[in-house]
Amino acid sequence: MSEDFKEVRYDDAADTEVILGEGRSEAVETAPAQPVDGMGCHAGAAEMEKAARMAGKSEILDQYARDYPQGPHDKPQSMCPAFGSLRVGLRMRRTATVLSGSACCVYGLTFVSHFYGARRSVGYVPFNSETLVTGKLFEDIRDAVHEMADPERYDAIVVTNLCVPTASGVPLRLLPNEINGVRIVGIDVPGFGIPTHAEAKDVLAGAMLNYARQEVEAGPVQAPVSGKSDRPTVTLLGEMFPADPLGIGGMLAPLGLAAGPVVPCREWRELYAALDSEVVAAIHPFYTAAIREFEAAGRKIVGSGPVGHDGTAAWLAAIGDAYGVAADQVAAAQNAFLPAIKAALAETPIKGTITLSGYEGSELLVARLLIESGADVQYVGSACPKTPWSAPDVEWLESKGVKVKFRASLEDDCAAMEAVKPDLAIGTTPVVQKGKELGIPSLYFTNLISARPLMGPMGAGSLQQVVNAAMANKGRMDHMKAFFEGVGHGDTAGIWEGAPNLRPDFRDQNLKKLERAEKARVAANGGVKC
């Protein structure tokens with residue numbers, strides 16, 4: 001060992017006796033090296049997008065960039081976006097779903113889908129480097145949909161390209177539009193093109209609406225199983241609690257209107273009924289592709305939703321205006337529901353400061369409801385983008401002094417929580433984890449907040465109980481924080497017999513090594529960081 005080399009030891013592990021195995025025979029043949037396509041999941045978003053454009057996917061990626069602008073963070077910070085479109089397909093009756101992607105991705109997506117209650121299998125077309133680069137993967141996908149296309153079982157088959165097949169240019173657009181009367185819908189949902197799983201729902205909803213709109217233009221189509229409404233309908237855009245469409249229908253009845261289908265739909269024929277509505281309520285305002293299809297069909301779009309007192313009053317007026325309902329009839333509908341909503345909001349008021357964040361797209365509606373319930377909401381962060389149809393909610397919230405952040409990153413949400421120090425933090429899993437570490441009562445947005453009715457009189461009193469109960473746990477959080485105080489954080493967490501064996505010099509040396517390696521990589525790449 002040269003004198004100028006200094007070995008850095010973290011502990012005495014280097015002195016442990018190592019049992020050596022027997023030497024291998026030189027006659028043993030080594031396996032031939034497998035071809036590498038270089039476009040595995042590890043390649044990085046920039047490299048995969050570059051490859052996808054070279055493989056002919058520029059048009060769809062440019063459309064995604066217009067529909068789903070990425071904003072301050074350039075990659076998903078929630079679960080894999082494809083879970084959104086997968087979930088939409090799995091919830092539809094007589095619809096099969098097929099994934100084309102890396103096995104690890106497909107495993108994770110199917111696991112999560114069944115965790116959230118999927119009751120059917122997810123199709124998978126496997127591939128390797130050879131089938132990917134030779135085009136055999138596309139042939140395998142085509143053979144799979146031909147084999148599955150049974151009109152007795154399915155109305156549609158949805159085929160989804162994940163990151164690697166999208167980057168490799170697998171051309172789902174070349175699949176037949178229908179086989180044996182079964183519709184074939186192919187979509188690309190790469191993590192490097194779709195920022196959130198909420199927006200991936202729009203990718204599939206938009207693709208299905210586009211297909212259904214072309215069917216309607218071509219001639220007569222099937223009526224919904226429930227039949228055609230005897231009143232004009234309002235299509236509801238965005239996933240919501242099952243009771244909300246019923247409540248909305250009740251509020252629309254005095255206007256002479258009825259609630260139409262909810263998009264994403266649960267059955268193919270509902271798409272025709274959704275397109276048949278003259279007015280579409282963009283309850284979730286980020287469904288850009290779906291709204292494009294409705295506008296192509298000549299439909300009017302109304303933003304926001306009937307949440308709280310002010311939201312319900314404004315929404316009923318906007319729907320009435322879109323349908324040309326007389327002002328006195330709109331006023332009668334408002335007078336029928338607003339007093340009950342106001343009473344429900346005042347019955348068990350919320351007293352405390354709240355920060356709210358999430359990635360479902362309904363964050364602004366929830367914030368409105370909390371504020372009218374008495375809460376002091378100082379920050380609302382949404383991972384979804386700002387759109388023209390979110391304007392009514394933004395204007396109302398900002399008039400109440402709320403900081404609204406679109407395309408909010410995890411860092412934005414945590415920084416707001418740490419700065420405000422609220423009585424309650426509502427957010428995603430990592431935000432809730434951080435909040436509890438700080439001793440702040442916290443609630444998970446997706447399972448505990450958005451999974452409740454929000455609209456009309458039913459929604460007016462739905463949040464107070466769970467929010468007030470969480471705030472009342474402040475004493476318990478303080479006790480837990482005091483109990484665990486001093487156990488350490490990060491690599492010093494846990495119980496130590498002595499002082500943690502910290503080696504900042506080792507950490508610094510390793511950091512310099514990584515920096516040198518990064519500089520060498522960038523230099524070899526012509527100075528381009530990617």
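Which are the buried residues of helix 9? The legends below start there and then move through the rest of this predicted model.

**View 1. Helix 9, spanning residues 243-252, is mostly covered.** Eight of the 10 residues in this helix are buried. They are Ala-243, Asp-244, Pro-245, Gly-247, Ile-248, Gly-249, Met-251 and Leu-252. As for what they pack against, look for two strands, strand 6 (233-237) and strand 7 (258-263). Helix 12 (308-323), helix 13 (327-347) and helix 19 (456-460) also pack against the buried residues of helix 9.

**View 2. The largest nonpolar core holds 74 residues.** Four of its members touch the most others: Ile-157, Leu-237, Trp-268 and Phe-294. Helix 8 (residues 197-218) puts in the largest share of this core, with nine residues.

**View 3. Here's Leu-237 with the residues it touches.** Leaving aside anything up to four places away in sequence, Leu-237 touches Val-263, Val-280, Ala-281, Ala-282 and Ile-283. The list carries on with His-284, Tyr-287, Ala-290, Ile-291 and Phe-294. Phe-294 turns up again here, as it is also among the core members that touch the most others.

**View 4. Another core, of 58 residues, lies apart from the largest one.** Among its members are Ala-322, Ile-350, Leu-370 and Ala-470, which make handy landmarks for finding it.

**View 5. A nonpolar patch sits on the surface, made of Met-480, Phe-483, Phe-484 and Val-487.** Together these four have about 410 Å² of accessible area. Met-480 belongs to helix 21 (residues 474-484). Is Met-480 buried or exposed? Neither, quite: it counts as partly exposed because its relative accessibility is 40%.

**View 6. Residues 24-38 are a stretch where pLDDT stays under 50.** For this stretch, the model has five contacts beyond four places in sequence. Set that beside the protein chain as a whole, where the mean pLDDT is 88 and 89% of residues reach 70 or more.

**View 7. Stepping back, the protein chain has 22 helices and 14 strands.** Of its 530 residues, 48% are buried. Take the contacts between residues at least 6 apart in sequence, and 73% of them join residues at least 24 apart. The accessible surface comes to about 26700 Å², with 54% of that belonging to carbon and sulfur atoms.

Key:
Residues are numbered from 1 along each chain as its sequence is written. This is a predicted model: local features need pLDDT of at least 70, side-chain atom pairs count only at pLDDT 80 or more; totals for chains, interfaces and linings use all residues. Side-chain values use heavy atoms; hydrogens and water are left out. pLDDT is the predictor's confidence in each residue, from 0 to 100. Contact means heavy atoms within 4.5 Å. A nonpolar core is a set of buried Ala, Val, Leu, Ile, Met, Phe, Trp, Tyr and Cys residues joined through side-chain atoms within 4.5 Å. Buried means under 20% relative accessible area, exposed over 50%, partly exposed in between (1.4 Å probe, protein chains only). Helices (H or I, at least four residues) and strands (E, at least two) are DSSP runs, numbered from the N terminus. Patches are made of residues with over 30% relative accessible area and no salt bridge: like charges are joined within 9 Å, nonpolar side chains (Val, Leu, Ile, Met, Phe, Trp, Tyr) within 5 Å. Accessible areas come from the Shrake-Rupley method with a 1.4 Å probe; for residues, only the protein chains shown count as cover. A salt bridge is a side-chain nitrogen of Lys or Arg within 4 Å of a carboxyl oxygen of Asp or Glu.
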